[in-house]
Amino acid sequence: MKEINPDETSRAYAFEMWMKAPMPMVTFFKTLNVSRLVKFSKRKGLKFNMLMCFCIGKAASRVKEFYMLPVGEKLIQYDTIAVNTIVANKRGEVSSCDVPFSGNLAEFNEDYLRLTRQVADSCENHDLIDSMVIGTSALAQYEIDGAVGMYSGIFNNPFMIWGKYRKRFFKTTLTVSFQFHHTQMDGAHAAAFLHALQLEINHLKS
């Protein structure tokens, strides 16, 4: 990770317009068709949440804006990305776990299982400060129509929230919210990411 000059990037105008805005976050909602993901999860014995995180990382890795993030009053460029997941720990509370993204599903799954188990047992967060982290929160037991993330003014990371997927006659759907800092990306980039996420789900392979 390194600080970069916003004027030398495609985010120069956005940096000037949105860095000091009182509310620079934007939230999109999208209903995904996760039929393939559910079938793949059951057939391969893999966690649905892990597969969602993998597809999110893979879609994000194709959008260059995900490798830049406003931090404090600076624009930081990263070489790698990670996907965060919230873990129920042994104390009955929750901890945060950053999983480094790998385009290899087996490797990502191994890291996901190892790190979430470690966090659950230790009750200590696992943070990757050298990666651009995409936050996620899965409320898998509850049907929700959407959620808008909290803007703390400290963390500007993109964030996704979803609840329980819904089974219909011919497909299974999942509504997600995607919150992002307008300095990091524009609406077109966010929409392209969500479109890419659906394609990654549709074409998921072992």
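# Briefing: cores, salt bridges and two single residues

The largest nonpolar core has 50 residues, and those with the most contacts inside it are Leu37, Met52, Phe66, Met160, Phe178 and Phe193. Helix H3 gives the most to this core, with 10 residues. The model is a predicted one. Eight salt bridges are counted in it, and three of the pairs are described below, followed by Thr175 and Glu124.

**Nonpolar cores**

- Phe178 is among the residues with the most contacts inside the largest core. Leaving aside neighbours within four places in sequence, Phe178 is in contact with Val26, Thr27, Phe28, Phe66, Pro158, Phe159, Met160, Met185, Ala190, Phe193 and Leu194.
- A second core, separate from the largest one, consists of five residues, including Phe15, Met19, Met68 and Leu75.

**Salt bridge Lys58–Glu200**

- Lys58 and Glu200 form a salt bridge in which the closest N and O atoms are 4.0 Å apart. The pair links distant parts of the chain, with Lys58 in helix H3 (residues 48-60) and Glu200 in helix H5 (residues 187-202), 142 residues apart.
- Lys58 has a relative accessible area of 25% and is partly exposed. Glu200 has a relative accessible area of 11%, which is under the 20% limit, so Glu200 is classed as buried.

**Salt bridge Asp111–Arg114**

- Asp111 forms a salt bridge with Arg114, and the closest N and O atoms are 3.0 Å apart.
- Both residues belong to helix H4 (residues 105-122); because Asp111 and Arg114 are three residues apart there, about one helical turn separates them.
- Asp111 is buried, at a relative accessible area of 13%, whereas Arg114 is partly exposed, at 40%.

**Salt bridge Glu143–Arg166**

- A salt bridge joins the side chains of Glu143 and Arg166, with an N to O distance of 3.7 Å. Glu143 lies in the loop between strand S7 (132-138) and strand S8 (159-162), and Arg166 lies in strand S9 (residues 166-167), so the pair ties together parts that are 23 residues apart in sequence.
- Glu143 counts as exposed, at 52% relative accessibility. Arg166 counts as buried, at 18%.

**Salt-bridge network**

- Lys58, Arg62 and Glu200 are joined into one network by salt bridges that share partners.

**Thr175**

- Thr175 is part of strand S10 (residues 172-181). Its relative accessible area is 18%; this is under 20%, so Thr175 is classed as buried.
- The side chains of Thr175 and Thr31 make a polar contact at 3.2 Å.
- Not counting residues up to four places away in sequence, Thr175 touches Lys30, Thr31, Asp145, Ile161, Trp162 and Gly163.

**Glu124**

- Glu124 sits in the loop between H4 and S7. Its relative accessible area is 54%, which is over 50%, so Glu124 is classed as exposed.
- Apart from neighbours within four places in sequence, Glu124 is in contact with Ser95 and Val119.
- Glu124 and Ser137 are 13 residues apart along the chain, and their C-alpha atoms are separated by 17 Å.

Conventions:
Residues numbered from 1 in each chain as written. Predicted model: local features only at pLDDT ≥ 70, side-chain atom pairs only at ≥ 80, totals over all residues. Heavy atoms only, no water. Helix = DSSP H or I, 4+ residues; strand = E, 2+ residues; numbered from the N terminus. Buried < 20%, exposed > 50% of the residue type's maximum accessible area, 1.4 Å probe, protein only. Polar contact = N/O pair within 3.5 Å; in protein donor to acceptor, adjacent residues only side chain to side chain. Contact = heavy atoms within 4.5 Å. Core = buried A, V, L, I, M, F, W, Y, C linked by side-chain atoms within 4.5 Å.
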